[in-house]
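Hi there,

Here is the structure I promised to pass on to you. My notes on what turned up follow just below it.

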Amino acid sequence: QPAEWLCPNPDCPAQVRRGLVHWCSPEVMDIEGGGEVLVTQLVKSGLVRDVAELYQLKVAEVANLERMGEKSAKNFVDAIVASKTRDTWRVLYGLRILHVSADAAKSLARHFPTLDHILDASTDQLTGIEGITEGIANSIVQWWVDPVNRKLVKRLRKGGLNFKSELYNPAITSDPIAGKTFVP
């Protein structure tokens with residue numbers, strides 16, 4: 001099978017499209033209508049250059065796109081608004097940080113109360129979590145060092161996304177034997 005070539009430039013239109021389709025997918029932010037065709041139009045028209053810009057879209061802007069009526073545009077924008085309440089593990093997974101799978105994002109969300117806590121954690125703090133390898137931890141730390149990524153997260157916060165983890169379980173972080181029963 002031939003190797004797949006990936007453009008290393010995160011601003012490349014193909015990379016932007018891929019990131020937006022991933023973000024909108026049911027496995028991530030579950031934004032109905034955010035498929036390849038609409039995302040391609042959003043990128044080509046210059047309305048959206050990253051996931052944070054989705055949260056600034058207006059119904060009228062989307063309705064002006066080819067084959068989009070007022071009702072479809074409203075449904076899409078409503079789906080974007082609804083995605084703001086999704087759990088923070090979905091936001092983390094949606095950021096497409098190298099090696100961070102949905103399972104890794106869920107594991108991190110169980111151990112940290114917010115996205116900020118995850119991103120501010122050290123490599124040692126991250127690798128102490130079940131399922132988080134040194135490679136995953138290093139990817140998160142390196143991703144968070146980049147000022148472009150910091151600005152993106154700041155813009156997502158300003159867009160009103162949920163950065164709190166509903167999966168957070170303080171018992172698993174504070175006391176490793178909490179909730180266990182020991183039989184003599």
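Please keep in mind that this is a predicted model. Let me start with a charge over a ring: lysine 106 sits above the face of tryptophan 89, 4.6 Å from the ring centre.

Then there are the aromatic pairs. A pair of rings is described by the distance of the centres and the angle of the planes. The count here comes to two. In one of them, tryptophan 23 and tyrosine 55 have ring centres 6.5 Å apart and planes at 80°, so the pair is edge-to-face, as the angle is over 60 degrees. This pair links distant parts of the chain, with tryptophan 23 in helix H1 (residues 13–24) and tyrosine 55 in the loop between H3 and H4, 32 residues apart. Both tryptophan 23 and tyrosine 55 are buried.

Tryptophan 143 and tryptophan 144 form a stacked pair, because their planes are at 15° and their ring centres 6.3 Å apart. Tryptophan 143 is buried at a relative accessible area of 12%, and tryptophan 144 is buried at 10%.

Helix H5 is also worth a look. With 14 residues (70–83) at 1.5 Å a residue, H5 should span 20 Å, and its end C-alpha atoms are indeed 20 Å apart. Its buried residues are Ala73, Phe76, Val77, Ala79, Ile80 and Ser83. These cover an arc of only 155° around the axis, so they lie on the same side of H5. Among the elements covering them are helices H2 (36–44), H3 (51–54) and H4 (59–63). Exposed Glu70 and Lys71 are on the face of H5 turned away from that buried side.

Best wishes

Definitions and conventions. Residues numbered from 1 in each chain as written. Predicted model: local features only at pLDDT ≥ 70, side-chain atom pairs only at ≥ 80, totals over all residues. Heavy atoms only, no water. Helix = DSSP H or I, 4+ residues; strand = E, 2+ residues; numbered from the N terminus. Expected span 1.5 Å × (residues − 1). Buried < 20%, exposed > 50% of the residue type's maximum accessible area, 1.4 Å probe, protein only. Arc of directions from axis to C-beta. Contact = heavy atoms within 4.5 Å. Phe/Tyr/Trp six-rings, centres within 6.5 Å; stacked < 30°, edge-to-face > 60°. Lys NZ or Arg CZ within 6 Å of the ring centre and 35° of its normal.
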